[in-house]
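Me: I would like to go through how some helices and strands are arranged in this predicted model. Could you take the questions one at a time and reason each through to its answer?

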Amino acid sequence: MSRRVVITGLGVCAPNGVGLSDFTQALLNGKSGIRHQPNLEKLGFGCQVAGEPLVKDKLIDSYFTPLERRGLNATGVVYGVIAGVDAWKDAGLDKNLTNEPSWDRGVIFGTGILGVDKFREAIHLIDDGNVRRLGSTSVIQTMASGISAYLGGMLGCGNQVTTNSAACTTGTEGIIMAYDRISQGKAEIMLTGSCSDSGPYVWGGFDAMRILPRGYNNDPTKASRPMSATASGFIPGSGAGALVLESLESAQKRGAHIYAEVLGGEINSGGQIDEGSMTAPNSMAVQRCISNAISNSGIKASEVDVINGHLTATTKDGLEIANWSKALNRKGKDFPFINSFKGVIGHCLAAAGSIESVAAILQFKEKVVFKNINCEDIHPEITNAIAASCIPRETALYEPRVIAKASFGFGDVNACVIFKAFSM
């Protein structure tokens with residue numbers, strides 16, 4: 001039999017809040033972290049707004065040694081270490097200071113691309129014939145697994161330490177991977193999460209695709225509009241989210257605080273077949289991912305009372321709602337509450353699933369459903385499928401029992417995880 005898996009730690013470095021306290025308050029109030037970015041204006045971007053965590057040098061100094069700080073120029077590493085170390089501490093865990101690795105503790109921490117600014121810096125040094133000035137940390141800052149390597153070494157983990165990468169699905173996929181490892185008895189504690197770099201070299205490709213809104217450069221907090229009739233594209237974001245997953249036996253033995261239980265999930269792909277493509281979802285696969293996540297978790301679709309969707313503020317939002325409705329066989333007022341946090345943080349790309357999962361789980365703790373912003377004008381495609389009352393425009397007092405969180409990414413890849421309020 002598979003073992004029960006619980007969540008005992010959370011950490012976050014998000015555009016609207018660094019640290020759990022600030023992040024929670026921002027979600028309760030619907031505070032946006034989307035701001036005008038002068039560097040994007042200077043570079044001639046069509047969309048000049050984005051979500052970027054505000055991290056001061058003094059804060060960075062408290063997570064990295066002076067040696068690690070030397071030449072550190074990878075924002076994804078910074079965000080990931082802050083979120084990961086915070087989650088570890090939040091779980092009541094200490095760094096391993098012994099002479100032997102913690103064999104039952106590991107890290108699965110994903111990213112899309114890491115250390116873009118560091119890589120650019122390295123390219124210029126090499127092209128100028130200054131390869132000796134690269135420094136000793138250029139490789140670890142630019143290799144995808146650099147973030148899991150940093151965290152694995154900082155915490156002294158001896159179990160699996162690796163990085164997954166699946167576009168916007170990365171963070172949610174990582175949670176399911178960590179769940180599988182613990183439920184199968186291959187680990188006791190896994191730190192999982194994901195991060196995404198900030199800056200024009202990450203966001204530029206999306207601007208070139210003309211899938212980012214260009215009409216909100218002077219009104220950034222209104223730019224990201226999931227489920228809105230006036231949505232005109234997603235707003236790029238960055239940051240990191242982190243969760244500590246642990247076997248129930250281990251958590252009880254430690255007397256750890258338990259936020260929620262992970263019941264299971266599903267990962268699949270639409271194969272870029274039918275309407276599925278590099279940038280569009282195959283609805284058959286999306287529905288299958290959701291329905292299989294439900295069955296794998298041993299619950300009924302009727303038990304899901306809150307959904308945190310992918311919902312990026314593009315023309316596909318209506319299709320996503322339709323897919324949820326078909327997969328759950330629920331519509332109108334029978335549909336669960338649904339929210340999207342992209343209205344306040346933007347689309348944090350590889351970090352989206354983990355940041356949004358942290359937010360989704362906080363709803364258990366706060367006994368609320370967090371509000372959606374910028375969707376006063378819900379798209380008619382959506383209200384044709386579900387009742388407008390299922391989309392809270394104000395944070396509502398509520399005690400969620402089962403939350404479904406899904407992410408759907410470029411490459412037609414999907415992941416859905418099921419969280420449950422913990423009870424014995």
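Me: In which hand does α12 pass α13, right-handed or left-handed?

Reply: The two helices concerned are α12, which covers residues 283-296, and α13, which covers residues 317-328, and their axes come within 9 Å. As α12 passes α13, the crossing is right-handed.

Me: What word describes the direction of α12 relative to α13?

Reply: Two packed helices are described by the angle between their axes and the distance between the axes. Here the axes of α12 and α13 cross at roughly 45°. Because roughly parallel is reserved for angles under 35 degrees and roughly perpendicular for 65 to 115, the crossing makes α12, relative to α13, oblique.

Me: How many charged residues does the contact of α12 with α13 have?

Reply: On the α12 side the contact includes Val286, Ile290 and Ile294, and on the α13 side Leu319, Trp324 and Lys326 are among the residues met. By class, the contact of α12 with α13 has seven nonpolar and four polar residues, and the number of charged residues is one.

Me: Is strand β9 largely enclosed or not, and how many of its ten residues are buried?

Reply: β9 spans residues 260-269 and is largely enclosed by the rest of the structure. That follows because the number of buried residues among its ten is eight.

Me: Which residue in β15 stands opposite Val262?

Reply: Strand β1 is joined to β9 by three bridges in the antiparallel sense, and the bridge partner of Val5 in β9 is Val262. β9 also pairs with β15, residues 413-420, antiparallel over eight bridges. In β15, the residue opposite Val262 is Phe419.

How values were computed: Residues are numbered from 1 along each chain as its sequence is written. This is a predicted model: local features need pLDDT of at least 70, side-chain atom pairs count only at pLDDT 80 or more; totals for chains, interfaces and linings use all residues. Side-chain values use heavy atoms; hydrogens and water are left out. Axes are lines fitted to C-alpha atoms, for helices over the stretch in contact, and angles run from 0 to 180 degrees between N-to-C directions. Helices (H or I, at least four residues) and strands (E, at least two) are DSSP runs, numbered from the N terminus. Angles under 35 degrees count as roughly parallel, over 145 as roughly antiparallel, 65 to 115 as roughly perpendicular and the rest as oblique. A crossing is left-handed if the near helix is turned anticlockwise from the far one by less than a right angle, and right-handed if clockwise. Contact means heavy atoms within 4.5 Å. Ala, Val, Leu, Ile, Met, Phe, Trp, Tyr, Cys and Pro count as nonpolar, Asp, Glu, Lys and Arg as charged, and the others, Gly among them, as polar. Buried means under 20% relative accessible area, exposed over 50%, partly exposed in between (1.4 Å probe, protein chains only). Two strands pair if DSSP finds at least two bridges between them.
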